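Open the model in your viewer and keep the selection panel at hand. The stops below go from one residue to the whole chain and back to a residue.

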Amino acid sequence: MADRPVTKLDKSEVLAGLFAVWDDIAALLDGVPEAEWEAASPLPGWDVKALVAHMIGTESFLAGVPAPQPDIDVSTLEHVRNDIGALNECWVRYLSAEAGGGVLKRFKGITDDRRAALTGMSAEDWDAVTVTPVGPESYGRFMRVRVFDCWMHEQDIREALRWPSSDDQLAGPAAELSLDEIAATMGYVVGKRAKAPEGSRVLFELTGPLSRDIRISVDGRAQLVDDFGGREPTVTIRLDGLQFTRLTGGRPMCRARSQSVDLGGDKDVAAQVVEHLNFVI
């Protein structure tokens, strides 16, 4: 199925991050007043309840549970842009009238089911190639995408509730795996979306609790590299690590952290890359 190298990831590490972010979301929502479930999120058309309904829907799909039939043609909604968005909206509308506590109970129930299924999955099935949001890839890579998606939605919920993550809360395995997934996609962002010219060497310098350096070299094709072989970057983009994740997910920056983005080297190319950071569906 795959015409490119398949990513094989350590099952225990990925599941540790996935289970941790599910636990964090459940703890975050425990005891939230009913009115707060209707707080607007950074995603157009979705409140806190809709974010959780979306995650319930995705894990239900992966567990083989069919999506409920919507009461309207969801493809006509302004914020629905594709078939995946329409599928998401089926669960969002289905659970919209349910009390927040009931939605949280559903979230805990389906994630408990998924924990059991994933824990019992064989190494062969974990490494098997399947259809994923990033193309044909290993099931393990798919689950790292799930970590990224759930962690991003945890941050969306925090923004909606005005409870931004502390530095300590950003220091867990889910955040690191989410950054790993983002880094793996930056070649596509720099080369295909931003169209950085041949010979570009782009350095993302992430600061704060999610600090790391991400290097993309454009040599025939743009790809993630460990170093530039002793050469200096032609482009540098320096910003807070959490804010970087917000931009790559097409979200507004977090109000509680520095929103500074410092560009160096070829600033025209740097600005083009920043403008095209959003890669999510």
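Is R221 buried or exposed? Select R221 in this predicted model and show the surface. R221 has a relative accessible area of 55%; because exposed means over 50%, R221 counts as exposed.

Keep R221 selected and add R4, K192 and K195. Together these four residues form a positive surface patch. For the backbone context of R221, switch to the cartoon: R221 lies in strand β5, which covers residues 221-225.

Now select the whole chain. The cartoon should be read as 9 helices and 7 strands. Along its principal axes, the C-alpha trace spans about 55 × 45 × 40 Å. The radius of gyration is 19 Å, and a compact globule of 281 residues would have a value near 19 Å, so the chain agrees with that expectation. Colour by accessibility next: 48% of the 281 residues count as buried.

For the last stop, select D262. This residue sits in strand β7, residues 261-265. How exposed is D262? Its relative accessible area is 42%; because the partly exposed class runs between 20% and 50%, D262 is partly exposed.

With D262 still selected, add L62 and draw a C-alpha to C-alpha distance. D262 and L62 are 40 Å apart in space, and 200 residues separate them in sequence.

Conventions
Residues numbered from 1 in each chain as written. Predicted model: local features only at pLDDT ≥ 70, side-chain atom pairs only at ≥ 80, totals over all residues. Heavy atoms only, no water. Patch = residues over 30% accessible without salt bridge, like charges linked within 9 Å, V, L, I, M, F, W, Y side chains within 5 Å. Areas by Shrake-Rupley, 256 points an atom, 1.4 Å probe, with all protein chains shown as cover. Salt bridge = Lys/Arg side-chain N within 4 Å of Asp/Glu carboxyl O. Lys, Arg positive; Asp, Glu negative; His and termini not counted. Charge placed at Lys NZ, Arg CZ, Asp CG, Glu CD. Helix = DSSP H or I, 4+ residues; strand = E, 2+ residues; numbered from the N terminus. Buried < 20%, exposed > 50% of the residue type's maximum accessible area, 1.4 Å probe, protein only. Rg over C-alpha atoms; globule rule 2.2 N^0.38 Å.
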